[in-house]
Amino acid sequence: MGKITGKIIIDRERCKGCELCITVCPKGILAIDETINSYGFTPVILRNSGQCNACAQCAEICPDIAIEVFKDSEK
């Protein structure tokens with residue numbers, strides 16, 4: 001069986017930058033963006049997608065349902 005990798009999609013317009021996802025990410029690959037969204041919030045961004053293991057803790061804790069996580073396995 002290959003290594004599990006993940007792909008994260010963050011909806012910038014839904015994210016209010018509460019940082020809950022940042023606190024639970026075991027890989028530390030989420031951060032606050034420097035630019036604001038149309039609502040005036042600084043949303044979360046993914047810093048290094050290659051390190052994501054698709055644990056989905058970020059999506060589970062997000063109160064705004066702004067994060068989707070997809071699993072993929074390398075062969």
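**A working chat on the protein chain**

Biologist: In the protein chain, what share of contacts between residues at least 6 apart in sequence join residues at least 24 apart?
Modeller: The share is 61%. Please keep in mind that this is a predicted model.

Biologist: How many helices and strands does the protein chain have?
Modeller: There are 2 helices and 4 strands. Along the sequence they follow the pattern β-α-β-β-α-β. The radius of gyration is 12 Å, close to the 11 Å that the globule rule gives for 75 residues, so the chain is as compact as a globular protein of that length.

Biologist: What box do the C-alpha atoms fill?
Modeller: Taken along the principal axes, the box is roughly 45 × 20 × 20 Å.

Biologist: Turning to the surface, what area does the chain expose?
Modeller: The protein chain exposes about 4,900 Å², and carbon and sulfur atoms supply 51% of that area. Buried residues make up 28% of the 75 residues.

Biologist: And how many positive and negative side chains are there?
Modeller: The chain has 9 positive and 10 negative side chains, with the centres of the two sets 6 Å apart.

Biologist: Now a single residue: where is N37 found?
Modeller: N37 is in the loop between strand 2 (30-32) and strand 3 (44-46).

Biologist: Is N37 buried or exposed?
Modeller: N37 counts as buried because its relative accessibility is 5%, and buried means under 20%.

Biologist: Which residues does N37 touch?
Modeller: Leaving aside residues up to four places away in sequence, N37 touches R12, E13, C15 and P43. For C15, the backbone oxygen lies 3.0 Å from a polar atom of the N37 side chain.

How values were computed:
Residues are numbered from 1 along each chain as its sequence is written. This is a predicted model: local features need pLDDT of at least 70, side-chain atom pairs count only at pLDDT 80 or more; totals for chains, interfaces and linings use all residues. Side-chain values use heavy atoms; hydrogens and water are left out. The radius of gyration is taken over C-alpha atoms; the globule rule is 2.2 Å times the number of residues to the power 0.38. Buried means under 20% relative accessible area, exposed over 50%, partly exposed in between (1.4 Å probe, protein chains only). Contact means heavy atoms within 4.5 Å. Accessible areas come from the Shrake-Rupley method with a 1.4 Å probe; for residues, only the protein chains shown count as cover. Lys and Arg count as positive and Asp and Glu as negative; His and the chain ends are not counted. The place of a charge is taken as NZ of Lys, CZ of Arg, CG of Asp or CD of Glu. A polar contact is a pair of N or O atoms within 3.5 Å; within protein, one must be able to donate a hydrogen and the other to accept it, and residues adjacent in sequence count only if both atoms are side-chain atoms.
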